[in-house]
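Subject: Structure handover

Hello,

Here is the structure I promised to pass on. Please open it alongside this note.

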Amino acid sequence: MSSSFTSLHITALDAIVNVNSLFTLAVFVGLSWNPNDPDNNLNKDPACAPTANIAENVVAFHVYSFSSFLFSSLVALALKQVIRLSRTTTTTATSSYHYPAAAVEFLAHINRTTLRVGMLVSGVGSVSGCGFLMLALVNVVQIKLGTLACGSSDSFAAVVPLLILVPIALLIYVAVVLYAFTR
């Protein structure tokens, strides 16, 4: 495996870890925020009041999301370490003041299939984390604006774009990951 190919994988793994870190921060902010605001004045209809089950789902989906992002990040970081640890040293034939003959050239010898599967598993963790975070946000909307079951137009107005845009973005992400997986 060429060092530029390996560099590309390290860059992709860095991107996964960085995005997961941002989403993990969002999950922590979501968990620290109390959605059961007693002075909730956005939902005027008592028939649209959320149940305790919806509040429990907010916490559960945030925890599932955090677990997925953490799993994905740890797999990506482990792959980066495998790439770095598998590098071998060779001596260069040329010598100069800055680069003596004993200079080290790094080449990674990594099983491509293992690397691809690891990257795919990390991508699946990120996608599932996004899905759980989206479900948590749907439940937050139901707590703040009224349940979807009662037909709250404000809730539908907030949830419909979320349920359209996030899956489209996830489909694009999955397509790119699968494309990279087959190359």
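My findings follow, from the overall layout to the disulfide.

Please keep in mind that this is a predicted model. Mean pLDDT for the protein chain is 78, and 74% of the residues score at least 70. Confidence peaks in α3, at a mean of 89, and is lowest in strand β2 (residues 104–108), at 49. Two stretches call for caution. Residues 89–93 have pLDDT below 50, with 12 contacts in the model beyond near neighbours in sequence. Residues 95–106 stay under 50 as well, and there the model has 21 contacts beyond four places in sequence. Where pLDDT is low, the predicted coordinates should not be read in detail.

Now the layout. The protein chain has four helices and two strands. Their order along the sequence is α-α-β-β-α-α. Of the 183 residues, 33% count as buried. The accessible surface is about 10900 Å², and carbon and sulfur atoms account for 70% of that. Take the contacts between residues at least 6 apart in sequence: 76% of them join residues at least 24 apart.

Next, helix α3. This helix covers residues 112–145, 34 in number. From first C-alpha to last it reaches 49 Å, close to the 50 Å expected. G146 follows α3 and has a positive phi, near 115°.

Which residues make up the largest nonpolar core? There are 10: I10, L13, I16, V17, V75, A76, L79, I83, L115 and M119. Helices α1 (3–32), α2 (52–85) and α3 each supply at least two of them. L79 touches L13, L115, G118 and M119, leaving aside residues up to four places away in sequence.

Finally, the cysteines. The whole structure holds one disulfide. The bond joins C48 to C150, with an S to S distance of 1.8 Å. C48 sits in the loop between α1 and α2, while C150 sits in the loop between α3 and α4 (153–182). The two are 102 residues apart, so the pair links distant parts of the chain. The torsion about the S-S bond is about 105°, which means the disulfide is right-handed.

Is each cysteine buried or partly exposed? The cut-off for buried is under 20% relative accessible area. C48 has 5%, so it is buried. C150 has 31% and therefore counts as partly exposed. C130 has 16%, so it counts as buried.

Best wishes

Note on methods. Residues are numbered from 1 along each chain as its sequence is written. This is a predicted model: local features need pLDDT of at least 70, side-chain atom pairs count only at pLDDT 80 or more; totals for chains, interfaces and linings use all residues. Side-chain values use heavy atoms; hydrogens and water are left out. The expected span of a helix is 1.5 Å times one less than its number of residues. Buried means under 20% relative accessible area, exposed over 50%, partly exposed in between (1.4 Å probe, protein chains only). Contact means heavy atoms within 4.5 Å. Accessible areas come from the Shrake-Rupley method with a 1.4 Å probe; for residues, only the protein chains shown count as cover. A nonpolar core is a set of buried Ala, Val, Leu, Ile, Met, Phe, Trp, Tyr and Cys residues joined through side-chain atoms within 4.5 Å. pLDDT is the predictor's confidence in each residue, from 0 to 100. A disulfide is a pair of cysteine sulfur atoms within 2.5 Å.
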